[in-house]
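Please walk through the fold of the protein below, from its overall layout down to single residues. The account begins with one local element and then widens.

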Amino acid sequence: MEIADIIGSKLLATSGDVFNVKIVPPGWIYLELTHPFLATWLQNLAMEYMSEAGKMGTGEITPKSQSQNPSIEFAVQYAHARCCSLVFLAHREGLIKLREPLPSPAWQLVTTESIPWLNYDNQLCLHHPAERALITQLVRVVDDLVCSDVDDAINWHKVSLELSKTFENFWCQCRIWGEVKISSLELAQARLGLVMATQRLLSFLLLEKLGVSAPLEL
């Protein structure tokens with residue numbers, strides 16, 4: 001425990017803005033991302049396209065290969081198209097403001113401060129289990145993209161399908177319009193932020209990893 005306490009103190013001193021540290025017997029060190037850091041990460045993911053090697057960038061990318069698993073690829077394309085339709089609908093109804101012209105695969109928010117991820121206590125306003133599950137899945141996918149030494153060892157069809165399923169579950173349980181939009185506009189916008197972040201990753205996975213198109217609508 002004494003050694004763990006020393007390590008924990010060093011971690012807090014150098015990265016206290018990135019994660020919280022908790023020490024438990026017999027010497028386990030638990031790290032939890034701070035909510036402001038996670039909000040910044042989600043904002044960056046929602047705002048930018050993924051470029052080669054999983055690095056953040058901008059611009060269009062094109063399919064590289066032929067379809068290998070049509071049923072899975074269609075399911076992922078459907079989830080991607082659903083994300084796009086929700087974002088464009090939100091723009092038309094004034095929940096968010098995108099740069100014109102629409103629809104476009106290169107849409108962006110007009111301002112980087114449009115997504116209210118945090119509440120007044122500086123905590124994420126996304127508490128529903130389906131919201132947290134989608135955030136977790138987004139983190140896992142980005143980890144696979146940027147931290148994998150052997151790209152061929154990852155089943156990208158499985159990764160893409162899992163993200164699609166997690167998004168569909170989120171959309172079924174976490175509404176954006178209706179009562180949510182009226183009673184809590186900030187929550188509706190934060191959920192739209194998750195939709196945008198999901199669309200960015202699905203687009204990259206479809207084009208770069210599955211080698212098929214990323215349609216804006218189906």
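How many residues lie between β1 and β2 in the hairpin, and which residue in the turn has a positive phi? In this predicted model, three residues separate the two strands of the hairpin, and the turn residue with positive phi is G27, at about 145 degrees. The strands themselves, β1 (residues 19-24) and β2 (residues 28-33), run antiparallel and are paired over six bridges. Within that pairing, V21 of β1 faces L31 in β2. The loop between β1 and β2 also holds P26. The peptide bond between P25 and P26 is cis, with omega about 0 degrees.

The hairpin is one part of a chain with seven helices and four strands. In sequence order these elements read α-β-β-α-β-β-α-α-α-α-α. The protein chain has 218 residues, and 44% of them count as buried. Its exposed area is about 11700 Å², of which carbon and sulfur atoms supply 54%. Contacts can also be sorted by sequence separation. Taking those between residues at least 6 apart in the chain, 66% join residues at least 24 apart.

Helix α1 precedes the hairpin, spanning residues 2-15. Its 14 residues reach 20 Å from the first C-alpha to the last, close to the 20 Å expected at 1.5 Å a residue. Which residues of α1 are buried? They are A4, G8 and S15. These residues lie on the same side of α1, because they cover an arc of only 65 degrees around the axis. That buried set packs against β1 and β2, which ties the helix to the hairpin described above. On the face turned away from the buried side, α1 carries the exposed residues E2, I3, K10, A13 and T14.

The next topic is the nonpolar interior. The largest nonpolar core has 58 residues, and the members that touch the most others are L138, F167 and L194. At least two residues of this core come from each of α2 (35-47), α3, α4, α5 (156-173) and α7 (185-210). The helix that gives the most is α7, with 15 residues. F167 shows what the surroundings of one such member look like. Apart from neighbours within four places in sequence, F167 is in contact with A79, R82, C83, L86, L134, V195 and T198.

Helix α5 also contains H157. Is H157 buried or exposed? H157 is buried, because its relative accessible area of 11% is under the 20% cut-off. With residues up to four places away in sequence left out, H157 touches Q68, N69, I72, E73 and L210.

One further backbone detail sits in a loop. N122 lies between α3 (70-92) and α4 (129-147). Its phi is near 65 degrees, a positive value in a residue other than glycine. N122 is partly exposed, with a relative accessible area of 40%. That places N122 apart from H157 in burial class, since partly exposed residues fall between the cut-offs of 20% and 50%.

Conventions: Residues are numbered from 1 along each chain as its sequence is written. This is a predicted model: local features need pLDDT of at least 70, side-chain atom pairs count only at pLDDT 80 or more; totals for chains, interfaces and linings use all residues. Side-chain values use heavy atoms; hydrogens and water are left out. Buried means under 20% relative accessible area, exposed over 50%, partly exposed in between (1.4 Å probe, protein chains only). Contact means heavy atoms within 4.5 Å. Accessible areas come from the Shrake-Rupley method with a 1.4 Å probe; for residues, only the protein chains shown count as cover. Two strands pair if DSSP finds at least two bridges between them. The expected span of a helix is 1.5 Å times one less than its number of residues. The arc is that of the directions from the helix axis to the C-beta atoms. A nonpolar core is a set of buried Ala, Val, Leu, Ile, Met, Phe, Trp, Tyr and Cys residues joined through side-chain atoms within 4.5 Å.
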